[in-house]
There are 2 protein chains.
Amino acid sequence: MRRDVFQAIADPTRREILNMVAYQPLNINTVSLNFDVSRAAVYKHLKILAECGLVEVKQKGRERFCEARLEGLSQVSDWVEQYRKFWTAKFDSLEIYLDKIQSKPNSKLISKANKNLKKKKNVSRKYSSKR
Amino acid sequence: MRRDVFQAIADPTRREILNMVAYQPLNINTVSLNFDVSRAAVYKHLKILAECGLVEVKQKGRERFCEARLEGLSQVSDWVEQYRKFWTAKFDSLEIYLDKIQSKPNSKLISKANKNLKKKKNVSRKYSSKR
DNA sequence: AACTTGCGAAACCAAAAGGTTTCATATATA
DNA sequence: TATATATGAAACCTTTTGGTTTCGCAAGTT
């Protein structure tokens, strides 16, 4: 069960939950009452958010307050920011590059590709019906 | 079939694909050769990326070159950035607020919650075995 | 003590995801 | 022309996801 921040924020309900507890800690019930889905469903979402560290749960009596711990989002921020140059810059030069490259794609990737090709053929054979 | 950027980048393979085509357009086969999964699987990932606008596909003869169109990531960037203050700021005051609030959670959310509570009871009845 | 609340967990479900094979087709190439 | 390559698409399969009910229990309330 992969449990990373990217997957955690992929679900719109979880993003809403995150937004809700970002401004103040709320107990699980209060969070769930703000959604149409069942408390159990919200509970599971909260569990996922907690598992990847985006919310921290603190017991207070019989209640459990969920507090956002958004530092984990920096991982997403870092990932996105490394590509900002690609959508900020003009793409004309890249277009031209495409025209040049198309008959002979990047050699580095190709050589890596060739290694995988062998692996891939093995895998294929493994699953193939013909021996 | 929900098809948004958040979901598109949730899969690590798709993030790798995106990174691969960010630097130069590549045809589908070349992309797939760099992964252990089948071409068909990679094809599906590319389709998802294309559906949410993160890659653009251009036909060139019998080949189809995939080009990254990363502007869509700005949506993710915007979403994350709105929370940066929460992980940059000190949380002490929030901690104190928690202690004050815990016996009486946010009234705005609560009133919204009450509306949903009614809905929720209806829904429950709908699915309930007892009539 | 009896009742209400807030949770946690289990059992179940349907749909979505992520993969795999296989096959057909169009485009290059030898 | 015969062969190889690059795709698209369909049929299937297994695992994950996102939800729902139902139950039990502990902690507050009346």
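**Exercise 1. The hairpin of chain A**

Find the bridge partner of A:K58 in β3(A), then describe the pairing to which this bridge belongs.

Solution. Step 1: A:K58 is bridged to A:F65 of β3(A) in this predicted model. Step 2: A:Q59 has A:R64 of β3(A) opposite. Step 3: the strands involved are β2(A) and β3(A), the latter spanning residues 63-68, and six bridges pair them in the antiparallel sense. Step 4: two residues lie between the strands of this hairpin, and A:G61 adopts a positive phi near 65°.

**Exercise 2. The sheet of chain A**

State the strand order of the sheet in chain A, and work out which strands stand at its edges.

Solution. Step 1: the sheet is open, has three strands and follows the order β1-β3-β2, with antiparallel pairing. Step 2: β1 (26-27) and β2 (55-60) of chain A each have a single partner strand, so they stand at the edges and one side of each lacks a neighbour in the sheet. Step 3: helix α2(A) packs on this sheet and touches β1, β2 and β3 of chain A. The direction of α2(A) makes about 95° with that of β3(A).

**Exercise 3. Two helices in contact**

Classify the packing of helices α2 and α4 of chain A, and list the residues that make the contact.

Solution. Step 1: helix α2 (residues 12-23) and helix α4 (residues 39-51) of chain A pack at about 75°, and their axes are 10 Å apart. Step 2: angles of 65 to 115 degrees count as roughly perpendicular, so α2(A) is roughly perpendicular to α4(A). Step 3: α2(A) contributes A:T13, A:R14, A:I17 and A:L18, while α4(A) contributes A:V42, A:H45, A:L46, A:I48 and A:L49. Step 4: by character, the contact residues are six nonpolar, two polar and one charged.

**Exercise 4. Helix α5 in chain A**

Identify the buried residues of α5(A) and what they pack against. Then decide whether A:W79 is buried or partly exposed.

Solution. Step 1: the buried residues in α5(A) include A:L73, A:V76 and A:V80. Step 2: these residues lie on the same side of α5(A), because their arc around the axis is only 55°. Step 3: the buried residues of α5(A) pack against α1 (5-8) of chain A, together with α5 and α6 (84-88) of chain B. Step 4: A:W79 also belongs to helix α5 of chain A. A residue needs 20 or more other C-beta atoms within 10 Å to be buried; A:W79 has 19, so A:W79 is partly exposed. Step 5: A:W79 and A:R69 are ten residues apart along the chain, and their C-alpha atoms are separated by 18 Å.

**Exercise 5. Chain B**

Describe helix α5 and the hairpin of β2 and β3 in chain B.

Solution. Step 1: helix α5 of chain B covers residues 73-81, and B:L73, B:V76 and B:V80 are buried in α5(B). Step 2: an arc of only 55° around the axis puts them on the same side of α5(B). Step 3: the cover over the buried residues of α5(B) includes α5 (73-81) and α6 (84-88) of chain A, and α1 (5-8) of chain B. Step 4: strands β2 (residues 55-60) and β3 (residues 63-68) of chain B run antiparallel and are joined by six bridges. B:K58 has B:F65 of β3(B) opposite. Step 5: with two residues between the strands of the hairpin, B:G61 takes a positive phi near 65°.

Methods. Residues are numbered from 1 along each chain as its sequence is written. Chains are lettered from A and ligands numbered from 1 in the order in which they are written. This is a predicted model: local features need pLDDT of at least 70, side-chain atom pairs count only at pLDDT 80 or more; totals for chains, interfaces and linings use all residues. Axes are lines fitted to C-alpha atoms, for helices over the stretch in contact, and angles run from 0 to 180 degrees between N-to-C directions. Helices (H or I, at least four residues) and strands (E, at least two) are DSSP runs, numbered from the N terminus. Angles under 35 degrees count as roughly parallel, over 145 as roughly antiparallel, 65 to 115 as roughly perpendicular and the rest as oblique. Two residues are in contact if their C-beta atoms, placed from the backbone, lie within 7 Å. Ala, Val, Leu, Ile, Met, Phe, Trp, Tyr, Cys and Pro count as nonpolar, Asp, Glu, Lys and Arg as charged, and the others, Gly among them, as polar. A residue is buried if 20 or more other C-beta atoms lie within 10 Å of its own, exposed if 12 or fewer, and partly exposed in between; C-beta atoms are placed from the backbone. The arc is that of the directions from the helix axis to the C-beta atoms. Two strands pair if DSSP finds at least two bridges between them.
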